[in-house]
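Visitor: Please show me how to read a structure of this kind, one feature at a time, with the general idea followed by the case at hand.

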Amino acid sequence: MAAPLLAFHKDILEKIHDPSTSELLLLARGLGLRRMVCTLMKIYDSPQNLVVLVNATPEEEAAIGEELGIMGCRKPGLRVVGYEMGKRDRQDLYKKGGLFSVTSRILVVDMLQSDIPIELITGILVLHAERVTALALEAFIVRLYREKNSTGFLKAFSDQPESITSGLSPLRNIMKELHLRIVHIYPRFHEIVKSTLENRKADVIELYQHMTESMQTIHHAIVQCMTMTLSELKRSHGTLELDDLTIENAYFKSFDAVVRRQLDPVWHKVGPRTKQLVGDLSTLRRLLTYLLSYDAFSFYEYLETLIACNTTSTFSGEKRLNQSPWMLTDAANIIFQTAKRRCYTLSKKSANRPDDVTFDDQDGWDALDDIEGCRGQPANKLGKSWIPEGLDPVAEELPKWELLADVLQEVEEEIIRHESFTNIKGSNTVLVMTSSSRASALVSEFLSNMDLDAPKGKRGRRMMEKKLRQYLFWKSKLASQSEGTKSPSCTGVKAKKNAAPTVAGKSMERTTNQSLALRKKEEMKQARGANRRRVRGGAPSATSKPLSDTNSENTAINDGSEDIEVIVAAQNPSSLNDILVGDNDFGLLEQIISGQLQDAFDTQYGLLPSEQTVIVRAYSDDSDDRVLAELQPKFIVMFEPSLEFVRRVEVFKNSHPGLGVRVYFMIYQLSCEEHKYLAALRREKDSFERLIKERGIMLNPVFEEQRPKAADQFIRTISTRLAGGRKELSTQPSQVIVDMREFRSTLPSLLHASGLQVVPATLTIGDYILTPEICIERKSIPDLVSSFNSGRLYTQCELMSVHYKQPILLIEFEENKAFSLELIAETTKSYAKPTAKATFKRDAGPSETDRVPSLQSKIVLLTLQFPRVRIIWSSSPYATTDIFNDLKANNPEPDLSRAIAIGAEEEPDVGAGVNTAAEDLLRCLPGISAKNVKYVMSKVNSVREFCEMTREEIQGILGVEPGNRCWEFMHGIGSMRP
């Protein structure tokens, strides 16, 4: 049974339920927008109504259908129209009426082909109204809808006010595209919402957890790196308006889109360093999030992958030229070294006393160990056989894990205390909410392996040992792989010990004629190079160089991670095998084999009572409301803060009077988690205030008829030479035949808005047919590059040249982006001082970039191969619309049936009775393929007749270039001569 509606829900429905009005609803997140939509659809559910839901994701369709089923709309309920449903099935389904959810592409095509009766549509519901722009398919749908149906309603919904605050009058633009004049705004601070939710408040316990000292150090260093990266980005582009680029905004995922939108106009002018800075901001933001949600080993592994990716190119495997600047700072070194100390430390023996150093000063080392107080301490504190000697595991646990254990202990005591009360509503199931599925898996693993008898801060030791096993196994694999690729001086201690005799032996073979003194001197020099000792503390001598030196910095960072590889590589194979095998796995296997676990099946796999159940779940969308309604938990633990879920709990509490709900709100104090939560509150509040202010001063748009009803609609100028430009009556409107696959782009919508009639069809050749003679193949820049690489564009131009007199290749750029093919990233510039060596290398031969043909050279080769193909450059879809209107001027309209038939594959039984041997012979001729063989056979009666045709006649059938090749082949002109 569905939960009852609250007072502000009823107030909203009272305003928007009228089918004679159309409006936009902006509701704060977490206040139950999906419940409003489902209740509205339930009101309109009837076979006499045809209500269409647009812009819903597959997950939202399933959730809305389930919600409607709970409300009682089951026969037939919400029907989803997808790609697997045929045209005839869709037509029959629309005639039955009811509630439908249709994708935007399918609905546009059905409207243009009149498969759905537009005049009979009762109304359209549009979700995610914040995404509607002039180029969106939803705006196209609304235009088609209002052309034939002015009485149906249109209701749009959105819960993302932050997305409607950028640009000039964003709210007015959305209402203009949706043809709306009324907007309802309901923020959390709305009077009726505030009074409703404050009637019954949940028992909220805020738990502010301090980060560990290591986490605070890493957190401060990451913020410092972000500040440096932002200041460098602003300094390099002082002419742009980059005021929104702040640390507070950098906490959100939308920050990447903001940065890219600001730099899009000059993206073709920026260098690789600026692009590296933009990518570094995303990386640093992820590091802040992973620091608070990943365990210590996973976080350090991620850092090591960043180091590897930054020092080595992904494609060539060579050293990267443009490295991340933040990795060359002192703060980055603090991040790496502190993250390593959170996982493990190396004992003084392994770190400072390599095996290849002679131990003549053993007494000195022992004395130094006595001074530092580390003599006699066991290297392996855990006493595990699989832990390498010299490695001291630290395995720092997240502070929230201990806090979660204490909270669950308190909840258990509270449940025991209230066992005697039988009339208490709700279940004793504990609901733990996290920010992501990975965080949920980590919390679940901690709760499954938690040791209740362990001291505080060590309850997750069992799980961290498993993480250490996985980390050591990963390192052992890396060490084994690096043995065959690295030089002997870099693979470890044992390799260093064996490197000197090998190299010395080779040098002795080459220097047999040298004196004994020279050979001895060379051996001593090589031995000193192979057995070079490090200073006390394990840092290499190269670290004394400044941090601006890239090579020295990379060495300093990489040495910290290679020490563990050296230790793991020095272990016995049996101890490495123990890494993968758990301590209790063999005992569990013996119990399974002996059948001792059969009696305990119910204990291990049976149903658990609610008081023993802890559900760990990641934050989702409005489906969390359904989870709360089904579980009805009395104890909710918010492991990470979420603004939307706080409101969902408020709505849940007020929807279930008499249910006591206690919420444990966990947050890291003085962290990005707290800053992000408070910044989200401020952003939403400011966004609603701006929208309310804009609504107060906004001028309502005046909507006119899309199609003029005057007689001039079908009157056009045929030619200015006819009686001084006299007008003649045309029986057909100006139309463009568009391929079905092109409705993924924004161009068909703009063509319709310019006054052209868009006719969808499945075309074999071309994307747009403007006239019987003009065929256009549209290519965006990414599609153009992929078409050149696959060779598809060559075939498309060849087919267009065969069947149309004016084949055109349209190269279309994106709006508000560079109208240029030349990118700085594609041109390699050397700013180094020219030297004789560099000149010699440059003169030696073409470079790698010179050997790779550029996009411009490929276009030139295409025009040389197909001289009849015209190329049109368009700066945006708006410019393309103007170009199409100019090309159609004074030209006849295209024929739909002919455009579909050209190049289409015929059915197998159509060619029954045809001489197959003659057809196979034609296929062997150059210029004739499976695409045009039927067309050639329709023009000639026999192969003999085709061979006796002149060059011009064959070119008229196949095209200029294919016909020329075919005629020369048949007459032996192109044969090889001695």
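Guide: Let us begin with a single residue, Pro76, which is found in the loop between α3 (58-71) and β3; helices (H or I, at least four residues) and strands (E, at least two) are DSSP runs, numbered from the N terminus. This is a predicted model, in which local features need pLDDT of at least 70 and side-chain atom pairs count only at pLDDT 80 or more, while totals for chains, interfaces and linings use all residues. Residues are numbered from 1 along each chain as its sequence is written, and side-chain values use heavy atoms, with hydrogens and water left out.

Visitor: Which residues does a cis peptide bond join here?

Guide: Most peptide bonds are trans, and most residues other than glycine have a negative phi. In this model Lys75 and Pro76 are joined by a cis peptide bond, with omega at about 0°. The backbone of Asn55 also deserves a look, since phi there is near 70°, a positive value in a residue other than glycine; Asn55 lies in the loop between β2 (50-54) and α3.

Visitor: How do I read a sheet, and what is the order of the open sheet of 5 strands?

Guide: Strands of a sheet pair through backbone hydrogen bonds, either parallel or antiparallel. The open sheet of 5 strands runs in the order β8-β14-β13-β11-β12, and its pairing is parallel, where two strands pair if DSSP finds at least two bridges between them. At its edges are β8 (203-209) and β12 (614-618), each of which pairs on one side only. Ignoring direction, neighbouring strands of this sheet are turned by 20° against each other on average; such angles run from 0 to 180 degrees between the N-to-C directions of axes, which are lines fitted to C-alpha atoms, for helices over the stretch in contact. To follow one pairing in detail, take β13 (residues 633-638) and β14 (residues 662-668), which run parallel and are joined by 4 bridges, with Phe635 having Arg662 in β14 as its bridge partner.

Visitor: Which strands does helix α26 lie across?

Guide: Helix α26 (residues 623-631) lies across β11 (427-434), β12 and β13, and it runs at about 170° to β12.

Visitor: At roughly what angle do the axes of α26 and helix α27 cross?

Guide: The axis of α26 comes within 10 Å of the axis of α27 (residues 643-655), and the two cross at roughly 40°. α26 and α27 are therefore oblique to each other, because angles under 35 degrees count as roughly parallel, over 145 as roughly antiparallel, 65 to 115 as roughly perpendicular and the rest as oblique. On the α26 side the contact (heavy atoms within 4.5 Å) is made by Asp624, Asp625, Leu628 and Ala629, and on the α27 side by Phe645, Arg648, Val649 and Phe652. These residues of α26 and α27 divide into 5 nonpolar, no polar and 3 charged, where Ala, Val, Leu, Ile, Met, Phe, Trp, Tyr, Cys and Pro count as nonpolar, Asp, Glu, Lys and Arg as charged, and the others, Gly among them, as polar.

Visitor: Which residues of α17 and α18 make their contact?

Guide: First the geometry: helix α17 (residues 399-417) and helix α18 (residues 437-449) have axes that come within 11 Å and cross at roughly 60°, so α17 and α18 are likewise oblique to each other. Trp401, Leu404 and Leu408 of α17 meet Leu442, Val443, Phe446 and Leu447 of α18, a contact of α17 with α18 that has 7 nonpolar, no polar and no charged residues.

Visitor: Which strands stand at the edges of the sheet with mixed pairing?

Guide: That open sheet has 6 strands in the order β18-β17-β19-β20-β21-β22, with mixed pairing. β18 (757-761) and β22 (870-874) stand at the edges, and because each has a single partner strand, one side of each is left without a neighbour in the sheet. The partner pair β17 (residues 735-739) and β18 is held in the parallel sense over 5 bridges, and within it Asp739 stands opposite Ala761 in β18. Helix α30 (residues 781-790) lies across β20 (774-780) and β21 (806-812), running at about 100° to β20.
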